[in-house]
Amino acid sequence: PAQVDTQRVNPIRSLTMWGPSNWTIKAKVLSKSDMRNFNGAKGPGKLFSADVQDLDGDQIKITAFNEAADRFFPLLEQGR
């Protein structure tokens with residue numbers, strides 16, 4: 001696994017919709033869905049979601065679509 005620079009890790013509670021979007025979290029994957037295909041108004045796509053928890057115990061659900069889903073699905077493992 002890649003090493004994470006802990007100086008640059010953001011706690012989940014610090015994330016906002018209005019803040020910068022170039023952040024890094026370090027979290028344990030509590031659950032992960034299967035990859036799903038869908039047909040939306042903009043055409044077909046794929047997605048998956050995962051519930052993660054950081055070292056402070058804060059949790060968040062993440063959802064990745066299309067290229068991000070392809071990139072992150074194999075990297076996230078439940079329990080790791």
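Hi everyone. To begin with a term: helices and strands here are DSSP runs, at least four residues for a helix and at least two for a strand, numbered from the N terminus. With that in hand, the protein chain in this predicted model has four strands and one helix. Starting at the N terminus, you meet them in the order β-β-β-β-α.

How far does the C-alpha trace span along its principal axes? About 40 × 30 × 20 Å. The chain has 80 residues, and 15% of them count as buried.

Now let's talk about charge. There are 11 positive and 9 negative side chains, and the centres of the two sets lie 2 Å apart. Side chains of opposite charge can pair when their charged atoms come close. How many salt bridges does a search of the whole structure find? Four, and I'd like to walk you through some of them.

Arg-13 meets Asp-58 at 2.7 Å, N to O. Arg-13 sits in the segment before β1, and Asp-58 in the loop between β3 and β4, so this pair ties together parts 45 residues apart in sequence. Arg-13 itself counts as exposed, at 58% relative accessibility.

Next, Lys-46 and Asp-70 form a salt bridge, with their closest N and O atoms 2.8 Å apart. This pair links strand β3, home of Lys-46, to helix α1, where Asp-70 lies, 24 residues apart. Both are partly exposed: Lys-46 has a relative accessible area of 26%, and Asp-70 has 40%.

Then there is Lys-61 with Asp-51, at 3.5 Å between the closest N and O atoms. Lys-61 is in strand β4 and Asp-51 in strand β3, so the bridge ties together parts 10 residues apart in sequence. Lys-61 counts as exposed at 52%, whereas Asp-51 is partly exposed at 24%.

Thanks for listening!

Technical notes:
Residues numbered from 1 in each chain as written. Predicted model: local features only at pLDDT ≥ 70, side-chain atom pairs only at ≥ 80, totals over all residues. Heavy atoms only, no water. Buried < 20%, exposed > 50% of the residue type's maximum accessible area, 1.4 Å probe, protein only. Lys, Arg positive; Asp, Glu negative; His and termini not counted. Charge placed at Lys NZ, Arg CZ, Asp CG, Glu CD. Salt bridge = Lys/Arg side-chain N within 4 Å of Asp/Glu carboxyl O.
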